[in-house]
Amino acid sequence: MNLTTELGEFNRRMAHALAGTFDPSVKPVQSEEGTLLFRGPIPTSDDPRHIGTHVAVSLENEVKAALDASTPDEREAMIENLVCSLSTQVQAQYHSSKIGPYALDVVGTIRIVQG
C-alpha cells in the first residue's frame, strides 16, 4: 500500500477537524485510493513498535463524483457536511484503549452530502 503525507482538500480538512482526537504519535496519511488513514503505534499489539491504522475515513464513489461535478459553493457545502458528520462519528466511536485488530472505518455517503 502506497501512503503519502500529502493530503487532498477533503482529507486535509478532516485531519484538521480531528486534531487532538488522537495521541500525537498517530499521524494522518492518504492512501493512493484517497482514503484518509490515521496511523500510529497500536498499544494492544504484542510488539509495542507495531504501526497500524487506528481510523480509516473514506468517501463512496458516488460522493466523489458529486464533489467533482459540483460548483465551488456546492462543493464547499458538501465538504462542510461531510467533515462535520464524519468527525463527529469518529469522535463518538474512537477510543485509544479500545483499538482492535481492525481500524474503525467511517464512510462518507451520499445521504450525508444531501443533508
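Residues 24 or more positions apart account for 53% of the chain's contacts with a separation of 6 or more. The model is predicted. The chain holds four helices and five strands. Two topics stand out below: a nonpolar core and a set of salt bridges around Arg-13.

**Overall build**

- Along the sequence, the elements follow the pattern β-α-β-β-β-α-α-β-α.
- The C-alpha trace spans about 50 × 30 × 20 Å along its principal axes.
- The radius of gyration is 14 Å, which agrees with the value near 13 Å for a compact globule of 115 residues.
- Of the 115 residues in the chain, 36% are buried.
- The accessible surface comes to about 7,000 Å². Carbon and sulfur atoms hold 50% of that surface.

**Helix 1: the buried side**

- Helix 1 covers residues 9–17, and Phe-10, Asn-11, Met-14 and Ala-15 are buried in it.
- These four lie on the same side of helix 1, because they cover an arc of only 130 degrees around the axis.
- The spacing fits a general rule: an α-helix has 3.6 residues a turn, so residues three or four places apart point the same way.
- The buried residues of helix 1 pack against three strands and a helix: strand 2 (27–31), strand 3 (36–41), strand 4 (51–59) and helix 3 (72–93).

**The nonpolar core**

- The largest nonpolar core has 27 residues. Phe-10, Phe-38, Val-57, Leu-82 and Leu-86 touch the most other members.
- At least two residues of this core come from each of helix 1, strand 3, strand 4, helix 2 (61–69), helix 3, strand 5 (104–108) and helix 4 (110–113).
- Helix 3 gives the most, with six residues.
- Leu-86 shows how far such contacts reach along the chain. Leaving aside neighbours within four places in sequence, Leu-86 is in contact with Phe-10, Met-14, Val-57, Leu-59, Val-106, Val-107, Gly-108 and Ile-112.
- Two of those partners, Phe-10 and Met-14, are also among the buried residues of helix 1.

**Salt bridges around Arg-13**

- The chain has four salt bridges.
- Glu-9, Arg-13, Arg-75, Glu-76 and Glu-80 are linked in a network of salt bridges.
- Within helix 1, the side chains of Arg-13 and Glu-9 meet at 3.6 Å, N to O. The two residues are four apart, about one turn of the helix.
- Arg-13 also bridges to Glu-76, with the closest N and O atoms 2.8 Å apart. Glu-76 lies in helix 3 and Arg-13 in helix 1, so this pair ties together parts that are 63 residues apart in sequence.
- A further bridge joins Arg-13 and Glu-80 at 3.3 Å, N to O. Glu-80 is in helix 3 and Arg-13 in helix 1, so the pair ties together parts that are 67 residues apart in sequence.

**Exposure of the acidic partners**

- Glu-9 is partly exposed, with a relative accessible area of 30%.
- Glu-76 is partly exposed too, at a relative accessible area of 35%.
- Glu-80 is likewise partly exposed, with a relative accessible area of 42%.

**Helix 1 and helix 3 together**

- Helix 3 is one of the elements that the buried residues of helix 1 pack against.
- Both helices each supply at least two residues of the core.
- Salt bridges link the pair as well: Arg-13 of helix 1 ties to Glu-76 of helix 3, and Arg-13 ties to Glu-80 of helix 3.

Notes: Residues numbered from 1 in each chain as written. Predicted model: local features only at pLDDT ≥ 70, side-chain atom pairs only at ≥ 80, totals over all residues. Heavy atoms only, no water. Buried < 20%, exposed > 50% of the residue type's maximum accessible area, 1.4 Å probe, protein only. Arc of directions from axis to C-beta. Contact = heavy atoms within 4.5 Å. Core = buried A, V, L, I, M, F, W, Y, C linked by side-chain atoms within 4.5 Å. Rg over C-alpha atoms; globule rule 2.2 N^0.38 Å. Areas by Shrake-Rupley, 256 points an atom, 1.4 Å probe, with all protein chains shown as cover.
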